[in-house]
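Please open the model in your viewer and keep the selection tool at hand, as this tour moves from one selection to the next and says what is to be found at each stop.

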There are 2 protein chains.
Amino acid sequence: MRIKEGFDPTRPDLHLGHTVQFNKLRQLQDLGHHIIFLIGDFTGMIGDPTGRNVTRPPLSRDELDANAKTYTDQVFLILDRDRTEVAFNSKWLSALGSDGMIRLASRYTVARMLERDDFATRYREGQPIAVHEFLYPLAQGYDSVALHADVELGGTDQKFNLLVGRDLQRQHGQEPQCILTLPLLEGLDGVNKMSKSLDNYIAITEAPGEMFGKLMSISDTLMWRYYELLSFRPLDEIAKLKQECESGRNPRDAKVMLGQEIVARFHSSKAAEAALAEFEARFRDHAQPENMPELTIATGGKRLALPQLCKQAGLTASTSEALRLIEQRGLKIDGDVVADKTLALAAGRTYVVQAGKRKFARVTLT
Amino acid sequence: MRIKEGFDPTRPDLHLGHTVQFNKLRQLQDLGHHIIFLIGDFTGMIGDPTGRNVTRPPLSRDELDANAKTYTDQVFLILDRDRTEVAFNSKWLSALGSDGMIRLASRYTVARMLERDDFATRYREGQPIAVHEFLYPLAQGYDSVALHADVELGGTDQKFNLLVGRDLQRQHGQEPQCILTLPLLEGLDGVNKMSKSLDNYIAITEAPGEMFGKLMSISDTLMWRYYELLSFRPLDEIAKLKQECESGRNPRDAKVMLGQEIVARFHSSKAAEAALAEFEARFRDHAQPENMPELTIATGGKRLALPQLCKQAGLTASTSEALRLIEQRGLKIDGDVVADKTLALAAGRTYVVQAGKRKFARVTLT
């Protein structure tokens, strides 16, 4: 089967969220199917409106080209380079010309576009939808026509776009593709979809120590989700592990296993072991307690000044006490002493904050 | 000033309705302005959705080219060929390419498009609007950008499209054009806009006798509208004439004057006089009464079988009586004996129907 998945090169770094898709493509590739890794260098200029509540800013040709290169450099950490067809949709979408684009636009109605959840919401709430955003699903659907796709993969949020591909193939006399949607991976905050713009991601090129540390920072609940979507362990093995943790085994063991698996995949077993050793040494040195208060502060995605955070987390009685602590080198984030009184922490992450010798809190900013 | 008006070559024959626009262009031309007669050979492929309740079928390139030639052949019966710039919008709209078309589409929102009356109505009533219909006003507006238009003329129904041109010019750093809308001329039925598809039109290339006869067939009310929109007589002269008719002068005199003026314009004074003479001779021969019952039958735009018409107009007691009359050569339409028992009359016209020697009716089918 000809199996296609498209990625708009709008973000230069691939993260674990993308790999949910890539892993499935690799499985299908290993089963002998023909995988087409489609770079949406044309559709990227439009900007996929899926799940957005505002119109995306358009990318320039240069940005798209640079991002496309990063994509192909990184995706072959997972896919087999020799057996993957890389295609660029500008090839056939540019060739359509302005009249071809109009003919394409004639194949769908405004009403069917406005049935789409995110468009419907934006229209109802008076959020602007630019006319060209209606052309995105049509352009993506036309990719399936041009590539004679038998199957298209995408995130669950891509369902509408994938179905448009079926309609257009039917209108062009082709057998409509099957569509296969995969769940979207939550980011480190456990709430939002993993995405670079929310800064809640683990890039697949991140250093072993960074990658392992971030994976160790996620909540236990999120860990099982990551097991399901990222681990290559059989599902029954994961179920057994979860059972053990529910019966008293320290979930930290499971988290270490997951972190080791992922780091080993993108680096090496040796790098994974080194990352673990380093993490444990630091953990010992900083003597963080196993249990500490956990809390979530909603910042609406904005950064939060550290003294504010300390006060809200109950670590200090006031922001001025927090500032004094920083001066005295008595405030630590993830074990590191903070020297900058103006430090503000990004949302979408969990931090272990230590005030003085004994006060700890695990704070998630969303 | 650079004054532009666009015409999509979707109908091969120009009719008096078009000349309301052309006459104004000619006036402006005579005042020394630069007139651009724009042939929408690109926009014609989209099809102007203005005032439509269904999506137009797209025209082929060949049809467009043939129609465009007819347009330029005919428009110079009114405009001065030597001082008119003829432009084709495929020149810049084709050059946009598919990415240019997308950038153009990004300049307007779906909500603003759906504010347009005809789109709003269709959307509310569940009539399909194809996505490419949203591209029409943008393409027309882009014409004004490409042509650096100072003024654009159009029918009153074109107001939305003309305003889009202003917006796009502003976005391209140009001074927005002034827009000038002119009333739409009603067709021979006095109800609908004159249009070829409704068969209620007088083509500007029609033979003198046909043209004069059709003008003599319109209602007195419609005659004053035609005076206002088609005659070159000064408005105060027309007002005086109307006054005279209201004070007892036979409106037929005014109708003859109008018919003579129009026929002379597109043919010659001599042809106009000949048409009048022929008309009067025929009128005398057929001895139609000056006054006869007038009625309107709504057929929903469909043809109506002549026997049905006779019965509904009270000219015969039954359809079979009408059929007998046809056999006996006793039924006349506009003075001509009807021989065809299956004759059905087109809607959008007024007919003088005579049954036997003395029964007459002036019947309008709508």
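Begin by selecting helix H10 of chain A, residues 220-230, and then add what covers its buried residues, which includes helix H1 (16-30), helix H9 (208-217), helix H11 (235-246) and helix H12 (251-266) of chain A. The buried residues of H10 in this predicted model are A:Leu222, A:Met223, A:Trp224, A:Tyr226, A:Tyr227, A:Leu229 and A:Leu230. As you look along the helix, it may help to recall that an α-helix has 3.6 residues a turn, so residues three or four places apart point the same way.

Now widen the selection to the whole of chain A, where you can trace 15 helices and 12 strands, with a C-alpha trace that spans about 70 × 45 × 40 Å along its principal axes. Of the 366 residues in this chain, 50% are buried, and among its contacts with a separation of 6 or more, 69% join residues 24 or more positions apart.

Next, select A:Asp199, in the loop between strand E5 (178-182) and H9 of chain A. Its phi is near 55°, a positive value in a residue other than glycine, and this deserves a pause, for most residues other than glycine have a negative phi. Is A:Asp199 buried or partly exposed? A:Asp199 counts as partly exposed because its relative accessibility is 33%, and the range for that class runs from 20% to 50%. Moving to chain B, you will find B:Asp199 in the loop between strand E5 (178-182) and helix H9 (208-216), again with a positive phi, of about 55°.

Then show both chains together and select the residues where they meet: 27 residues of chain B are in contact with 27 residues of chain A. The area buried between the two chains is about 2,200 Å², and carbon and sulfur atoms give 81% of it. Across this interface there are 0 salt bridges by the rule applied, while 12 residue pairs are in polar contact. On the side of chain B that touches chain A, the elements giving two or more residues are helix H2 (43-46), helix H4 (90-105) and helix H5 (110-115), and the largest share, 9 residues, comes from H4 of chain B. By class, that side has 20 nonpolar, 6 polar and 1 charged residues.

Finally, select A:Phe134 and B:Phe134, the residues with the most contacts inside the largest nonpolar core, which has 66 residues. Leaving aside residues up to four places away in sequence, A:Phe134 touches A:Val110, A:Met113, A:Leu114, A:Phe119 and A:Ile129, as well as B:Val110, B:Val131 and B:Phe134 from chain B.

Methods. Residues are numbered from 1 along each chain as its sequence is written. Chains are lettered from A and ligands numbered from 1 in the order in which they are written. This is a predicted model: local features need pLDDT of at least 70, side-chain atom pairs count only at pLDDT 80 or more; totals for chains, interfaces and linings use all residues. Side-chain values use heavy atoms; hydrogens and water are left out. Contact means heavy atoms within 4.5 Å. Buried area is the accessible area (1.4 Å probe) that two parts lose on being put together, summed over both. A salt bridge is a side-chain nitrogen of Lys or Arg within 4 Å of a carboxyl oxygen of Asp or Glu. A polar contact is a pair of N or O atoms within 3.5 Å; within protein, one must be able to donate a hydrogen and the other to accept it, and residues adjacent in sequence count only if both atoms are side-chain atoms. Helices (H or I, at least four residues) and strands (E, at least two) are DSSP runs, numbered from the N terminus. Ala, Val, Leu, Ile, Met, Phe, Trp, Tyr, Cys and Pro count as nonpolar, Asp, Glu, Lys and Arg as charged, and the others, Gly among them, as polar. A nonpolar core is a set of buried Ala, Val, Leu, Ile, Met, Phe, Trp, Tyr and Cys residues joined through side-chain atoms within 4.5 Å. Buried means under 20% relative accessible area, exposed over 50%, partly exposed in between (1.4 Å probe, protein chains only).
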